[in-house]
Amino acid sequence: MLRRVALVTALMITGAALTAPAANASTRTVRLKDSFFSPASVTVRPGSAVRFVWAGVLAHNLKGPAIPRRYLQPAVRPKPVRVAFRKRGSFRYLCTLHTGMEMTVRVR
Ligand SMILES: [Cu+2]
């Protein structure tokens, strides 16, 4: 009986290790299109990153946590910007030029 408990515990520890943040860290691409974000929401693990890529023919800007101020300047094809997320939470990004052009990054 004791031996069986030990085996189950070992399996649980292994399972926990597989779901640790570093194991599932990834980079997701979010595109700024005309005039919406695609996708409009992403869910990632802590330690992951989101890369914002301009993919439309209209100028858009980008405002949100960890976005450098220069991206407030409307642009058609600026250099993509990558944001790393260490902490859990919900983070909102938007283009201030187009009403309703916004998206959410969920880190959990
Ligand atoms: Cu826009």
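Which residue in β4 is the bridge partner of Arg 31? I began my notebook with this pairing, and I found that Arg 31 has Val 53 as its bridge partner in β4. I should write down at once that what I am looking at is a predicted model.

**Entry 1: confidence and overall layout**

Before going further I looked up how confident the predictor was, and the pLDDT averages 86 over the protein, with 79% of the residues scoring at least 70. Residues 4-21 are a stretch I marked for caution, since the pLDDT there is below 50 and the stretch has five contacts in the model beyond near neighbours in sequence. I reminded myself that predicted coordinates should not be read in detail where pLDDT is low.

I then listed the secondary structure, which comes to one helix and seven strands, and reading from the N terminus I wrote the order of elements as α-β-β-β-β-β-β-β.

**Entry 2: the sheet of four strands**

I traced an open sheet of four strands, whose order is β2-β1-β4-β5 and whose pairing is mixed. At its edges I found β2 (37-38) and β5, each of which pairs on one side only.

Going through the pairs in turn, I noted that β1 and β2 are antiparallel and share two bridges, and that a hairpin of four residues leads from β1 to β2. Within this pair, Leu 32 has Phe 37 in β2 as its bridge partner. The pairing of β1 with β4 is parallel and runs over six bridges, and this is where the opening pair of Arg 31 and Val 53 belongs. On the other side, β4 and β5 run antiparallel and are joined by five bridges, with Ser 48 standing opposite Phe 85 in β5.

**Entry 3: the sheet of three strands**

I found another open sheet, made of three strands in the order β3-β7-β6, again with mixed pairing. Its edge strands are β3 and β6 (89-94), each pairing on one side only, and the twist from one strand to the next averages 15°. Between β3 and β7 I noted four bridges in the parallel sense, and one of the residues I followed here was Val 44, whose bridge partner in β7 is Val 107.

**Entry 4: the nonpolar core**

Which residues have the most contacts inside the largest nonpolar core? This core has 13 residues, and I wrote down Val 30, Leu 32, Phe 37, Phe 52 and Leu 62 as those with the most contacts inside it. The strands β1, β4 and β7 (102-107) each supply at least two residues, and β4 gives the most, with three residues.

I looked at Leu 32 separately and, leaving out residues up to four places away in sequence, found that it touches Phe 37, Phe 52, Trp 54, Ala 55, Gly 56, His 60, Leu 62 and Cys 95. For the protein as a whole, I recorded that buried residues make up 15% of the 108 residues. I also noted that, among contacts between residues at least 6 apart in sequence, 48% join residues at least 24 apart.

**Entry 5: backbone details in the loops**

As background I noted that most residues other than glycine have a negative phi, and that most peptide bonds are trans. With that in mind I stopped at the peptide bond from Asp 34 to Ser 35, which is cis with omega near -5°; Ser 35 has its place in the loop between β1 (27-32) and β2. I stopped again at Ser 38 and Pro 39, which are joined by a cis peptide bond with omega of about 0°, and Pro 39 lies in the loop between β2 and β3 (41-44).

Ala 66 went on my list too, as a residue other than glycine with a positive phi, near 70°, and its place is in the loop between β4 and β5.

**Entry 6: two residues of one loop**

Is Ala 66 buried or exposed? I counted Ala 66 as exposed because it has 12 other C-beta atoms within 10 Å, and 12 or fewer is the cut-off for an exposed residue. Lys 79 is found in the loop between β4 (48-54) and β5 (81-85), and I judged it exposed because 10 other C-beta atoms lie within 10 Å. Lastly I checked Lys 79 against Phe 52, which is 27 residues apart from it along the chain, and the C-alpha atoms of the two are separated by 9.1 Å.

Methods:
Residues numbered from 1 in each chain as written. Predicted model: local features only at pLDDT ≥ 70, side-chain atom pairs only at ≥ 80, totals over all residues. Buried ≥ 20, exposed ≤ 12 C-beta atoms within 10 Å, placed from the backbone. Pairing = 2+ DSSP bridges. Contact = placed C-beta atoms within 7 Å. Core = buried A, V, L, I, M, F, W, Y, C linked by C-beta atoms within 7 Å. pLDDT = per-residue confidence, 0-100. Axes fitted to C-alpha atoms, helices over the stretch in contact; angles between N-to-C directions.
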